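Trainee: Could you go through this one with me? I would like to start with how its helices pack.

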Amino acid sequence: MATGRTHRPATRSRGIPEATVARLPLYLRALTALSERSVPTVSSEELAAAAGVNSAKLRKDFSYLGSYGTRGVGYDVEYLVYQISRELGLTQDWPVVIVGIGNLGAALANYGGFASRGFRVAALIDADPAMAGKPVAGIPVQHTDDLEKIITDNGVSIGVIATPAGAAQQVCDRLVAAGVTSILNFAPTVLSVPDGVDVRKVDLSIELQILAFHEQRKAGEEAALPDGAGPAPASREASRETDQGPDGDVPAVMPA
């Protein structure tokens with residue numbers, strides 16, 4: 001089986017925009033649900049609604065993949081599942097290491113969705129000697145002293161950092177030096193990496209702060225309305241437009 005180290009996704013070489021790449025997993029999730037219900041075809045409008053985007057954007061995204069659907073029929077669900085999975089690199093095996101097996105790291109290790117989406121948790125690593133050898137999600141935790149050997153032995157190119165903020169950069173440096181070229185960072189800090197290394201940052205506190213901003217805005221709009229009046233449609237639409245970025249979306253995962 002191919003490993004993540006020897007095969008890279010084709011999206012960059014094909015010139016697919018990053019905003020489109022970020023939406024492909026949304027389409028894949030919606031398509032997988034349709035496939036599980038044995039739905040053979042889907043229209044762009046139906047799929048766009050399920051993925052939470054507009055149909056014009058969906059059709060443009062799929063044009064980058066060379067998929068245009070059939071007028072009056074729609075898109076073939078199974079073919080699109082395969083096509084998007086291939087573009088995302090999910091038709092091959094991607095061994096992943098998780099560094100930092102506290103509450104969050106353990107929760108990630110126990111997440112059952114990795115394997116079904118092409119990711120295999122190859123190792124769990126922690127700096128606490130007391131954790132060494134303890135099984136988490138059926139995988140024995142290994143000490144950070146062995147990090148480089150673990151990366152090499154398992155051909156790992158994707159690392160997940162779930163350590164405290166103070167340890168994250170050092171862990172990142174060691175992962176990169178050992179050959180890891182993609183990092184998913186859950187630590188509440190910005191990582192510095194060399195060219196050629198991709199970092200995606202997941203900061204739950206930032207996402208909650210963004211939601212708090214929108215809640216405060218909604219509360220302010222409602223307080224400004226006469227008693228008994230509902231939200232003003234124009235204000236809602238204007239708010240929605242300002243929430244969007246240059247490509248029309250607020251990113252679900254913020255790059256470091």
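Trainee: Which residues in H2 meet which residues in H3?

Mentor: Bearing in mind that this is a predicted model, Ser44, Glu45, Leu47 and Ala48 on the H2 side meet Ser55, Leu58, Arg59 and Phe62 on the H3 side. The residues of that contact divide into 4 nonpolar, 2 polar and 2 charged.

Trainee: And at what angle do H2 and H3 pack?

Mentor: The angle is about 100°, and the axes of the two helices are 8 Å apart. Angles of 65 to 115 degrees count as roughly perpendicular, and H2 and H3 are therefore described as roughly perpendicular to each other.

Trainee: Switching to the interior, which residues have the most contacts inside the largest nonpolar core?

Mentor: That core has 23 residues, and those with the most contacts inside it are Tyr27, Leu31, Val42, Leu47, Leu58, Phe62 and Ile84. Helices H1 (18-36), H2 (44-51), H3 (55-65) and H4 (77-87) each supply at least two of its residues, with the largest share, 7 residues, coming from H1.

Trainee: What is Leu31 in contact with, leaving aside its neighbours within four places in sequence?

Mentor: Leu31 is then in contact with Val42, Leu47, Val77, Leu80, Val81 and Ile84. Apart from this core lies another, of 22 residues, which includes Ala122, Ala123, Ala168 and Ala178.

Trainee: Zooming out, how many helices and strands are in the chain?

Mentor: There are 10 helices and 10 strands, and 38% of the 256 residues of the chain count as buried. Among contacts with a separation of 6 or more, 59% are between residues 24 or more positions apart.

Note on methods
Residues are numbered from 1 along each chain as its sequence is written. This is a predicted model: local features need pLDDT of at least 70, side-chain atom pairs count only at pLDDT 80 or more; totals for chains, interfaces and linings use all residues. Side-chain values use heavy atoms; hydrogens and water are left out. A nonpolar core is a set of buried Ala, Val, Leu, Ile, Met, Phe, Trp, Tyr and Cys residues joined through side-chain atoms within 4.5 Å. Buried means under 20% relative accessible area, exposed over 50%, partly exposed in between (1.4 Å probe, protein chains only). Helices (H or I, at least four residues) and strands (E, at least two) are DSSP runs, numbered from the N terminus. Contact means heavy atoms within 4.5 Å. Axes are lines fitted to C-alpha atoms, for helices over the stretch in contact, and angles run from 0 to 180 degrees between N-to-C directions. Angles under 35 degrees count as roughly parallel, over 145 as roughly antiparallel, 65 to 115 as roughly perpendicular and the rest as oblique. Ala, Val, Leu, Ile, Met, Phe, Trp, Tyr, Cys and Pro count as nonpolar, Asp, Glu, Lys and Arg as charged, and the others, Gly among them, as polar.
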